[in-house]
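Visitor: I would like a close look at one part of this protein. Please take me through the aromatic pairs and what surrounds them.

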Amino acid sequence: MTDRPVGEMLREWREQRRLSQLELSSRAEISTRHLSFVETGRSAPSRAMVLHLTEQLDVPLRERNRLLLAAGFAPVYGETSLDAPRMAAIRAAVGQVLAAHEPYPAVVVDRWWDLVDSNASARLLIDSIAPELLEPPLNVLRASLHPDGMAKRIINLGEWRAHLLAQLRHQVAVTADPRLAELYAELSGYPGGDEPGPSDASGVIVPLRLRHESGELAFFSTVATFGTPLDVTVAELAIESFFPADEHTATVLRANRL
């Protein structure tokens, strides 16, 4: 339960999305006057109105529950442990995606980038990382950029660090999550070069280039999430799949079948 007024919280989300009252009221198809009354506390929003406004503002499910509580209503979205029986289909889907991506690495992370699951080939990414960084919960961003982590093996550390920090900075802005903000402050303090972006402007993606006993390995990655989630846990899961960016990397991975 929060002791902050729901109207104040809604106003903060509107301002974070850089929308005027007129723009949000137009999207929500309500009057600007009514929206103003809700934000100032002169009008108490209904449960349906809170859900409607948070949908228009693209508020994450976790924060939608907090807004409902602030308005005096019970949370709508559950937060079910991934080990729960009702999550069997989700676990099966995740396992199927991870297995199908072999022999290439793939990891599953939660909202805070803590490792949830991975396939066998992901061991290539955590090779030579200090044991303390592998203690659960293993944070994949910390393990990537920490001086005793994967950073010492990343050839293009400057641009990869800039890429990850930009991604995390955007996530902080979207979610307003203090835990993510703390993680960003921690990671931005790590050494690793000051390149603002890709060193090769002719490229189309930022690659991850790793030192390996078989020579330099290069990857690009994609991130997949579940569509139309109604559970906080499911909404916050992300599957990051790494693909070989050149034939040498593909050959090495197929040969080793990690």
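Guide: Here is a walk through the aromatic pairs, then the core around them, and then other parts of the chain. Keep in mind that this is a predicted model.

A search of the whole structure turns up two aromatic pairs. Take F219 and F242. Their ring centres are 6.4 Å apart and their planes meet at 90 degrees, so this pair is edge-to-face. F219 sits in strand β4 (residues 217-224) and F242 in strand β5 (residues 238-244). The two are 23 residues apart, so the pair links distant parts of the chain. Are these two residues buried or exposed? F219 has 0% relative accessibility, so F219 counts as buried. F242, at 6%, is buried as well.

Now the other pair, F220 and F243. The ring centres lie 5.5 Å apart and the planes are at 15 degrees, so the pair is stacked. Again β4 supplies one partner, F220, and β5 the other, F243, with their positions 23 residues apart in the chain. Burial is another matter here. F220 has a relative accessible area of 28%, which makes it partly exposed. F243 also stands at 28% and is partly exposed.

Next, the core. F219 belongs to the largest nonpolar core, which has 39 residues. Together with L187, L208 and L210, F219 touches the most other members. Helix α9 gives the largest share of this core, six residues. L210 shows how the contacts run. Beyond its neighbours within four places in sequence, L210 is in contact with residues including L124, M150, I154, L217 and F219. A separate core holds 22 residues, among them W13, L24, V38 and V50.

F219 has another contact, T249. T249 lies in helix α12 (residues 247-256). Its relative accessibility is 0%, so T249 counts as buried. Setting aside residues up to four places away in sequence, T249 touches E216, L217, A218, F219 and P244.

V50, from the 22-residue core, leads to helix α4 (residues 47-56). There M49, V50, L51, L53 and T54 are buried. Their cover includes α1 (6-16), α2 (21-28), α3 (32-40) and α5. Just after α4, D58 takes a positive phi of about 55 degrees.

Last, the largest pocket. Its volume is about 640 Å³. The lining has 23 residues, with P60, Q171, V174, T175 and A235 nearest the centre. Helix α9 returns here with the largest share of the lining, five residues. By class, the lining has 12 nonpolar, five polar and six charged residues.

Note on methods: Residues are numbered from 1 along each chain as its sequence is written. This is a predicted model: local features need pLDDT of at least 70, side-chain atom pairs count only at pLDDT 80 or more; totals for chains, interfaces and linings use all residues. Side-chain values use heavy atoms; hydrogens and water are left out. On a 1 Å grid over the protein atoms alone, a cavity is a set of points where a 1.4 Å probe fits but cannot get out, and a pocket is an open set with protein on both sides within 12 Å along at least five of seven lines; lining residues have an atom within 4 Å of a point. Grid points are joined across faces, edges and corners, and a volume is the space filled by probe spheres set on the points. Helices (H or I, at least four residues) and strands (E, at least two) are DSSP runs, numbered from the N terminus. Ala, Val, Leu, Ile, Met, Phe, Trp, Tyr, Cys and Pro count as nonpolar, Asp, Glu, Lys and Arg as charged, and the others, Gly among them, as polar. A nonpolar core is a set of buried Ala, Val, Leu, Ile, Met, Phe, Trp, Tyr and Cys residues joined through side-chain atoms within 4.5 Å. Buried means under 20% relative accessible area, exposed over 50%, partly exposed in between (1.4 Å probe, protein chains only). Contact means heavy atoms within 4.5 Å. Rings of Phe, Tyr and Trp (its six-membered ring) pair if their centres lie within 6.5 Å; planes under 30 degrees apart count as stacked, over 60 as edge-to-face and the rest as tilted.
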